[in-house]
Structure formats: structure tokens, C-alpha cells
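Me: I would like to learn how to read charged side chains in a model. Could you walk me through it?
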Amino acid sequence: MTLLAINNLSLTFPGGVEAVKNVSLAIEKGEMLALVGESGSGKSLTALSCMGLQPGSAATSGHIRFDGQEIVGTPETLLRALRGTRMSMIFQEPMTALNPLHTIGAQISEMFRHSNARREEEVKKVLDAVGLSHFKDRLDAYPHQLSGGERQRVMIAMAIANKPDLLIADEPTTAVDVTIQVKILKLIKELQREMHMAVLFITHDLTVVRKLADRVAIMQKGEIVEQGKVADIFAAPKHPYTQKLLASEPKGEAVTLPSAPETLIACEDLKTYFPIKKGFFRLTKGYVKAVDGISVEVKKGATLGVVGESGSGKTTLGFSLLRLMKSEGKIVFMGSEMSRLAGGAIRPLRKEMQVVFQDPFSSLNPRMSVSQIIEEGLLVHFPEIAINAREAMVDGILVEVGLAPETKHRYPHEFSGGQRQRISIARAMVLKPKFVVLDEPTSALDLT
């Protein structure tokens, strides 16, 4: 029996931008359909439309029927009765989807309508299911106090809390480590099997598609170019884009370093602790030791990979090296001991060190255009550069990250998650820094 049927769905934005063009899809009860395509192809917009969450500025045409009920044009009050209960969604960017003013315990418990005692019991049960059993004593933590992977798991916990008939998973494992990814994917598959739940799984990970999905639909430039059973598509792809996608594999080799490369940045016994405050007077009862006595050095021209589970301190280590977080220990960058420099004295070094943040949407200023975001660093560190030259640099770096220069006057919310990630990369690289911290820089990007 068909649970979700999309017929000739089109979304057009002001200016005649067709983000989704005549998309038709169907998902049976208990089936998993994978939606695959490059960033900006319209995958997330299609998914959002299924819950009536598409941007209000988009002109929507076509039909979306969930269990026989029309979604397009349905009043908001009726849609609210479906959201979170019969259909649920795991959003791509957890930092912007979670409420920064509410604790994670409060946000998860919102999904349950039982007595207070039962509610706490259900919250702990769902935290167990997503691998956050250690958070039972940290329900008063706020989203910004969690790692990217932990925020992602909180969102998954909220989405599966009421065991919906349809689960829309938009890149649900981008910010989690491999061990947790396996657990989450196994959990989604088990829930699907136990409850006969339908899943619309948006991903760029073809390995996941091959292992989990029943059918796959390939999307390019707002259109479905090919769809069918996973085995058939992988064995004999017909469309040129599908062939290109399946043939894509990141390639490259490490740069050969000189025999005795100079050290660019080094730290000794680096410690970054966060206080745990409890009680009415918020007294410090202990510390979360995010980075505990780490010594590391990075040579000029070298790449150091930092690998670990979400919440293990990888991001905190990067931020501490850049002096974006308060820490203890010696940090030497290009011969200057940064750990002894005050805020203003560090500024001359900032142009030589940049960061690509894990969650691009929350790191981009929503009130600034892409052009303003990318050129901000140039204005601060190289004010002598002429306007024309600066614009040429912005256009050039946009082309390098695969975005059209004409998009530079648009704002972050007008881009997909993968496109925002490329904007973040462009902002960091336009300064041609000597040292870059890349925090999961390709998590939202497709293989191509």
C-alpha cells in the first residue's frame, strides 16, 4: 500500500528559479526510498514539502498525498496534527534545528504527552536508543554545549520518539563517527522493520544506499533523472549523471614534504575544561575534560588528521589551537607564543589561520550576502586591496568551490546544506592562509 505519493511537484522561487521540477515519487508502507543527488539538486526541498515545511516564498504546484490525505494547500492546523506523530523528520543541520534557549531534556520531552514521571522515563529510553545513555544526567545541557554528533543524535531521538509511520531522514549521519553511524542506521532499519515504517532517506553516501535502501531515486537540478530498485540502478545505471555519480571516488595523495620541514604550529600539554555547575547557586561540582593534556605539532605543508567519536574533543582541540576557546598550555604559531598574547595582539596572526566550521549554517551571518561573507576577511586583513580586485577574488574562489559567481548576492538561507558548506570553505580559503582547521569540511557534500 502506498503511504506517500508525490505527483508532479514543482517549487518555483521569485525570479523564476525552479528548485524542484515535476518530481514524482511513491513510498510504500515499510519501504525505504533513498533520494540521492548533488547539493542544491532539490532533495531537501522535496522532503520539506512532504511535511508542508517548504519556504513560504516558493510557489508550489502538484500533489503530495500522505496516506490519502493531500498535503499541498492543507491548513497548518491539520498539518501540525501529523508532524511529530505520524510523520517525522531528521533535519540536516542540527544546530539550527534545535532551540538554543531550551535544554535537550525539555526538547525531547516535548515529543511525549504522558505524565511527568513517564515522560522522563521515555526520554531516557530514547536516549539509550541513539547511543546517548550517558546523557541521562545531562538533560539540562543546551545544544551549544554538545558536539555536532551529539546534537545530531538528539535530533534523531526526537524524530523517532513517537515511532512515526513515515520518517524523513535528511543526511542523518553526516556529523557522527563511524561507530555511531552504524548504530543509528541499524536502529532506523530495525524500527522500519518492527513498525512497518516507511523511510525517505536523503544521502550522498552510496554505500549506505546499497546496504539499506529498497529503491533509489537520482535527482539532478531539481528533476528525478532515474529511479528504480537499488540492485538494478547500481548494476546498470542508464542516465549519464547516475553513471558519473557511481564512478566518482575521491582521489589524491599526500604532498611530499621536504626532508626537514619547519614546524608551523605546536602545542604542549593543552587543556580545555568546561565546568559542570549544579544547584540553585550554580556552583561548580566538577569539569568536563574536553581536551586533557594534548601535545601536537603540524609541519608546514603537512596534513594532520584527527579522528575520534563525536564528543571526544576533536572540535575543541581545533578551536583551542586557534585560540577560539579558553585553554591552558603552550601554543606556538609561526614562532609566536599565542598562549601569551591578548586578543588584539593575536589579530595579525588571524589572517594566516582559518577554520571551516562543522555546521555551516550557524557559522554564516544570515544578514550578510555571500559576497559580504567571503570578502569580510579581506576587508579586515587586506584593506588596501581595491574594490574591483576584491570582487574578482570573491568570484574566483566561488568558481573554485563549484558555485556560480552570480549567486554571490544571495543569502545563506537561499542555499542547500552542501552549498553553504562550500561557501564556508570559500570564506576560509580566499585569504590563502598558512594553517587551516577543517572540521568535517565535506560532511554535507556529495561524492562529485
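Me: Let's start with one residue: is R340 buried or exposed?

Reply: Happy to help! Buried means under 20% relative accessible area, exposed over 50%, and partly exposed in between (1.4 Å probe, protein chains only). R340 has a relative accessible area of 70%, so it is exposed. A word on the source: this is a predicted model, where local features need pLDDT of at least 70, side-chain atom pairs count only at pLDDT 80 or more, and totals for chains, interfaces and linings use all residues. Residues are numbered from 1 along each chain as its sequence is written, and side-chain values use heavy atoms, with hydrogens and water left out.

Me: Which side chain does R340 meet in a salt bridge?

Reply: Side chains of opposite charge can pair when their charged atoms come close. A salt bridge here is a side-chain nitrogen of Lys or Arg within 4 Å of a carboxyl oxygen of Asp or Glu. R340 pairs with E337 at 3.3 Å, N to O, and E337 is partly exposed at 24%.

Me: How many salt bridges does the structure hold?

Reply: There are 12. One of them joins R86 and D165, whose closest N and O atoms are 2.7 Å apart. R86 sits in the loop between α2 (76-82) and β6 (87-90) and D165 in the loop between α6 (148-160) and β7 (166-170), so the pair ties together parts 79 residues apart in sequence. Helices (H or I, at least four residues) and strands (E, at least two) are DSSP runs, numbered from the N terminus.

Me: And what about K434 and E352?

Reply: Their side chains form a salt bridge too, at 3.4 Å, N to O. K434 is partly exposed at 47%, whereas E352 is buried at 16%.
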